[in-house]
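Please find below a colleague's note on the entry under review. The points are numbered for ease of reply.

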Amino acid sequence: MDVAINSVHLFPQNPDSVVVCNRSSTVYLMTMQGLVVKSFASGKREGGDFLSCVVSPRGEYIYCLGEDSTLYCFGTASGKLEHVVPAHEKGAIGLNHHPHRNLIATWAEQGPLLCWKP
């Protein structure tokens, strides 16, 4: 089964690894050869597919925005879902992490750009 990839990010803690976000409720830490090192799952079966993800600058966290407009925070060391935040009422489409500050921005089709301090 082929799944569309939404984004690929370099993993700061290991230059030979990437974080792959696809249209599912699981995001993957993979080697450049395509081997899965670790997976991070929201646990949702319906309506929880990830639209976008971003890695914190030091690689300690992976943040994923779900189609349910929820922001999911995974600890890369533990592999566990650490925080769940309802980000928007509906229509979430993207997120980004500030490169030097502890700040995340999320946006939706309708509504304001929201900034989060994790």
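The points that follow concern one strand, its neighbours and the salt bridges.

1. The model is predicted, and the remarks here should be read accordingly. Strand E7 covers residues 70-75, and 6 of its 6 residues are buried, so the strand is largely enclosed by the rest of the structure.

2. In a regular strand, side chains alternate between the two faces of the sheet. In E7, Thr-70, Tyr-72 and Phe-74 point one way, while Leu-71, Cys-73 and Gly-75 point the other way. Residues of both sets are buried.

3. On one side of the sequence, E7 is preceded by strand E6 (residues 61-66); the two run antiparallel and are joined by 5 bridges. Within this pairing, Tyr-63 is placed opposite Cys-73 of E7. The E6 and E7 hairpin has 3 residues between the strands, and Ser-69 takes a positive phi near 65 degrees there.

4. Strand E8 (residues 81-86) also pairs with E7 in the antiparallel sense, over 5 bridges. Thr-70 stands opposite Pro-86 in E8. These strands form a hairpin with 5 residues between them, and in its turn Gly-79 has a positive phi of about 80 degrees.

5. How many salt bridges does the structure hold? The number is 3. Side chains of opposite charge can pair when their charged atoms come close.

6. Glu-67 forms a salt bridge with Arg-23, with the closest N and O atoms 3.2 Å apart. The pair links distant parts of the chain, 44 residues apart: Glu-67 belongs to the loop between E6 and E7, and Arg-23 to the loop between strand E2 (17-22) and strand E3 (26-31). Glu-67 is partly exposed, at 32% relative accessible area, and Arg-23 is partly exposed at 39%.

7. Asp-68 forms a salt bridge with Lys-44, the closest N and O atoms being 2.9 Å apart. Asp-68 lies in the loop between E6 and E7, and Lys-44 in the loop between strand E4 (36-41) and strand E5 (50-55), so the contact ties together parts 24 residues apart in sequence. Asp-68 has a relative accessible area of 22% and is partly exposed, because buried means under 20%. Lys-44 is partly exposed, with a value of 32%.

8. Glu-60 and Arg-58 meet through their side chains in a salt bridge of 3.3 Å, N to O. Glu-60 is partly exposed, with a relative accessible area of 35%, whereas Arg-58 counts as exposed at 61%.

How values were computed:
Residues are numbered from 1 along each chain as its sequence is written. This is a predicted model: local features need pLDDT of at least 70, side-chain atom pairs count only at pLDDT 80 or more; totals for chains, interfaces and linings use all residues. Side-chain values use heavy atoms; hydrogens and water are left out. Buried means under 20% relative accessible area, exposed over 50%, partly exposed in between (1.4 Å probe, protein chains only). Helices (H or I, at least four residues) and strands (E, at least two) are DSSP runs, numbered from the N terminus. Two strands pair if DSSP finds at least two bridges between them. A salt bridge is a side-chain nitrogen of Lys or Arg within 4 Å of a carboxyl oxygen of Asp or Glu.
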